[in-house]
Amino acid sequence: PQRSKSHFGPNRKFHPATKSGPCVCILIPLENNEKMGKSGQPTRLYVNGAILGYKRGLRNQYNHTSLIKIKGVDSKEDTEFYLGKRVAFITKGSTPGKDGSKFRVNWGRVCRSHGSNGVVRCKFRRDLPPQSIGGKVRVMLYPSRI
């Protein structure tokens, strides 16, 4: 079934038994965490990214700063849009937390670019574990600086 914001409007689904007009209308309410776009589909408020590793020199490694490659960003100029955006590293634990969810989130921020190929440096509230290298993050499209 199709989801709709209200009882009126173009996003209503008719029962297949009634072929002539709007006799029966099936509506399913939105879940709390979904945003609806103009097309009627949920809006994705993040861009995928990959964890490359930690900031490092030849001999020293700085675990407090992680290097993230954002999908679709291939130049230093493109990274300027993402400066200050929030980054979420999502893991799944074995036991539910206080809120009842097994998913845990480590939040961070994009602090600056790294090199000239669209890699950014991020600082997280808790340093990312070494097992996360090669893993995925979500780069949120907020807060906006526009």
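**Order of elements.** I read the elements of the protein chain from the N terminus on, and they run β-β-β-β-α-β-β-β-β, which gives one helix and eight strands in the protein chain. I note at the outset that this is a predicted model.

**The chain as a whole.** I looked up burial next and found that buried residues make up 25% of the 146 residues in the protein chain. The protein chain exposes about 10400 Å², and carbon and sulfur atoms supply 52% of that area. Turning to contacts with a separation of 6 or more, I found that residues 24 or more positions apart account for 55% of them in the protein chain.

**Ser113.** I then picked one residue in a strand and asked what surrounds it. Ser113 has its place in strand E6, which covers residues 103-114. Is Ser113 buried or exposed? Its relative accessible area is 13%, and because buried means under 20%, I enter Ser113 as buried. Leaving aside the neighbours within four places in sequence, I list Lys76, Thr79, Leu83, Val119, Val120 and Arg121 as the residues in contact with Ser113.

**Cysteines.** I searched the whole structure for disulfides and found zero. Why do Cys111 and Cys122 not form a bond? The cysteine sulfur closest to that of Cys111 belongs to Cys122 and is 6.4 Å away, which is too far for a bond, since a disulfide needs the two sulfur atoms within 2.5 Å. Seen from the other side, Cys122 is in no disulfide either, its nearest cysteine sulfur being that of Cys111. I also checked the accessibility of both residues: Cys111 is partly exposed, at a relative accessible area of 39%, whereas Cys122 is buried, at 0%.

**Aromatic rings.** I counted aromatic pairs and arrived at one. In this pair the ring centres of Phe81 and Tyr82 are 5.0 Å apart and the planes stand at 90 degrees, so I record the pair as edge-to-face. As to accessibility, Phe81 counts as partly exposed at 37%, while Tyr82 is buried with a relative accessible area of 10%.

**Charges over rings.** Lastly, I looked for charged side chains placed over aromatic rings, and I noted two entries, taken one at a time. The charged end of Lys55 sits over the ring of Tyr62, at 5.3 Å from the centre of that ring. Arg86 lies over the face of Trp107, and here the distance to the ring centre is 4.2 Å.

Technical notes. Residues are numbered from 1 along each chain as its sequence is written. This is a predicted model: local features need pLDDT of at least 70, side-chain atom pairs count only at pLDDT 80 or more; totals for chains, interfaces and linings use all residues. Side-chain values use heavy atoms; hydrogens and water are left out. Helices (H or I, at least four residues) and strands (E, at least two) are DSSP runs, numbered from the N terminus. Buried means under 20% relative accessible area, exposed over 50%, partly exposed in between (1.4 Å probe, protein chains only). Contact means heavy atoms within 4.5 Å. Rings of Phe, Tyr and Trp (its six-membered ring) pair if their centres lie within 6.5 Å; planes under 30 degrees apart count as stacked, over 60 as edge-to-face and the rest as tilted. A charge sits over a ring if NZ of Lys or CZ of Arg is within 6 Å of the ring centre and within 35 degrees of the ring normal. Accessible areas come from the Shrake-Rupley method with a 1.4 Å probe; for residues, only the protein chains shown count as cover.
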